[in-house]
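Biologist: I am new to this structure and would like a close look at one part of it. Please take me through a helix pair and the aromatic rings that go with it.

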Amino acid sequence: MISVIISFGRLMKALFHAVKEPRFVSILTTVAFIVLSGTLFYSKFEGWSYLDSVYFAVVSLIPTGVDTNLAPSTSGTKLFTILYLIIGTGLMFALLLTLGRSMIKESPKSKYRLNKDIHIDKTEVPSQLKARHLPNKK
């Protein structure tokens, strides 16, 4: 239970920092409009309640594999769902990726940082390559 609380705190901190980035805000707004359009579409054309519609609209965009026991029943709603998933999944991925980047960016400096102190001398040939005899091209 403690780990859930700690993870939730990190998520809230990342959200706080991510909202400052215009890219995150634009992706979040777009995802919100897509979920809203999916909710309204499914409630009208499938006859689902608003709660079922928003649940299906959100869960279908997040790659969790949760069985919703809801499925589009007509050809038109199936075609809408195909387009909805193609567009929405990419945007949801971009949203989660941006949120993850802000979570890593705002973590303590000793964690998750690249080691930029490594110096590679490009003139040295690794010993594995020295042992290999490559044929001469003529």
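Modeller: What follows describes two helices and their aromatic side chains. The model is predicted, so local features need pLDDT of at least 70, side-chain atom pairs count only at pLDDT 80 or more, and totals for chains, interfaces and linings use all residues. Residues are numbered from 1 along each chain as its sequence is written, and side-chain values use heavy atoms, leaving out hydrogens and water.

Helix α2 covers residues 22–45 and helix α4 residues 75–105; helices here are DSSP runs (H or I, at least four residues) numbered from the N terminus. Their axes come within 9 Å and cross at roughly 155 degrees, the axes being lines fitted to C-alpha atoms over the stretch in contact, with angles from 0 to 180 degrees between N-to-C directions. The two helices are therefore roughly antiparallel (angles over 145 degrees).

Within the structure there are nine aromatic pairs, meaning rings of Phe, Tyr and Trp (its six-membered ring) with centres within 6.5 Å. One of them joins Y42 and Y84, at 6.2 Å centre to centre and 90 degrees between the planes, which makes the pair edge-to-face (planes over 60 degrees apart). Y42 lies in α2 and Y84 in α4, so this pair ties together parts 42 residues apart in sequence. Both Y42 and Y84 are buried (under 20% relative accessible area, with a 1.4 Å probe and protein chains only). The rings of W48 and F56 are also edge-to-face, with centres 5.3 Å apart and planes at 70 degrees. W48 is buried at 14% relative accessible area, and F56 is buried at 8%. These four residues belong to one aromatic cluster with F41, F45 and F80.

Technical notes. Angles under 35 degrees count as roughly parallel, over 145 as roughly antiparallel, 65 to 115 as roughly perpendicular and the rest as oblique. Rings of Phe, Tyr and Trp (its six-membered ring) pair if their centres lie within 6.5 Å; planes under 30 degrees apart count as stacked, over 60 as edge-to-face and the rest as tilted. Buried means under 20% relative accessible area, exposed over 50%, partly exposed in between (1.4 Å probe, protein chains only).
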